[in-house]
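User: Please take a close look at the open sheet in this structure and at what packs around it. I am new to this model, so a connected account would help.

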Amino acid sequence: MENWEITALFFIAFCVFLLAILLACFWCKRKNESRRKEYYQDLDEEERRIISKRVWKAIQKNEVDVVLHPDTAHHQLSLSDDASQVRFTGSTRGPDRWYCVTGSNCFMKGNHYWEVEVGEKASWALGLATEKIKESRVIPEIPENGLWIIRLCGGKKFEAVSSTVRALHGKPKKVGMYKTTKELSFYDAETRTCIHTFDIEYPGVLYPVFSPGSRDKGPLIIKKKNGKK
């Protein structure tokens with residue numbers, strides 16, 4: 001066998017060996033990607049939306065004290081002396097009625113975090129609204145612009161409401177709200193799970209809005225900054 005033939009055979013063998021290595025690497029990569037995909041498919045939605053402790057601490061650094069504004073409260077609502085709690089005082093019969101009160105705080109720019117304990121209440125609504133909510137003192141049942149809230153209806157139907165309605169899952173006992181310049185995110189404050197995020201394209205002032213619903217007379221309790229009493 002000539003030298004050039006031996007060299008050619010070695011070259012061909014080397015190319016086949018290299019190709020086999022490349023195919024093996026490609027197969028391993030695809031297998032790992034498939035396993036990773038199956039892993040995330042096995043996770044439920046809540047697990048995929050858990051916020052890391054580091055990010056959660058960064059969000060909470062923007063915590064603000066939110067105080068309810070008595071002059072904006074519907075007459076069937078009662079506020080605590082320190083304006084940190086609101087409860088419904090009317091008849092609990094009939095469909096949900098979303099009588100509300102706003103916070104004294106108003107948000108336009110910057111980052112703001114506040115937290116509300118809803119406990120075992122059957123109905124409640126929380127979020128942000130434009131100034132016109134201070135006049136109506138009722139969150140409309142039909143979605144409309146200028147409103148970004150989540151609400152629990154009758155202990156069963158959990159939804160995000162703005163210009164449209166979107167069904168949500170879960171039933172948090174403590175709700176954290178984080179307002180940035182362009183977004184409003186809601187979290188289960190006990191599990192660090194993101195419940196829902198609204199994109200907000202509104203240049204004006206927004207007010208935190210609170211409705212204890214009308215199915216029970218339990219309070220909504222606003223957490224004070226750093227656990228102050």
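Analyst: The term pLDDT stands for the predictor's confidence in each residue, on a scale from 0 to 100. This is a predicted model, and its protein chain averages a pLDDT of 85, with 81% of the residues scoring at least 70. Residues 35-44 stay under 50 throughout, and the model has 2 contacts for them beyond four places in sequence.

Turning to the sheet, 7 strands form it in the order 1-2-13-4-9-10-11, with antiparallel pairing. Strand 1 (77-79) and strand 11 (193-199) each have a single partner strand and stand at the edges, so one side of each is left without a neighbour in the sheet. On average, and with direction ignored, neighbouring strands are turned by 20° against each other. Within this order, strand 2 (residues 85-88) is joined to strand 13 (residues 220-222) over 2 bridges in the antiparallel sense, and V86 stands opposite L220 of strand 13.

Helix 3 (residues 53-60) lies across strand 4 (112-117), strand 9 (174-179) and strand 10 (183-188), and runs at about 100° to strand 4.

As for the nonpolar core, the largest one has 34 residues, and W114, V116 and L184 are among those with the most contacts inside it. Leaving aside neighbours within four places in sequence, W114 is in contact with residues including V64, V66, F107, V175, M177, L184 and F210. A second, separate core of 11 residues includes I139, L147, I149 and V161. In soluble globular proteins, nonpolar side chains tend to be buried together.

How values were computed. Residues numbered from 1 in each chain as written. Predicted model: local features only at pLDDT ≥ 70, side-chain atom pairs only at ≥ 80, totals over all residues. Heavy atoms only, no water. Contact = heavy atoms within 4.5 Å. Core = buried A, V, L, I, M, F, W, Y, C linked by side-chain atoms within 4.5 Å. Buried < 20%, exposed > 50% of the residue type's maximum accessible area, 1.4 Å probe, protein only. Pairing = 2+ DSSP bridges. Helix = DSSP H or I, 4+ residues; strand = E, 2+ residues; numbered from the N terminus. Axes fitted to C-alpha atoms, helices over the stretch in contact; angles between N-to-C directions.
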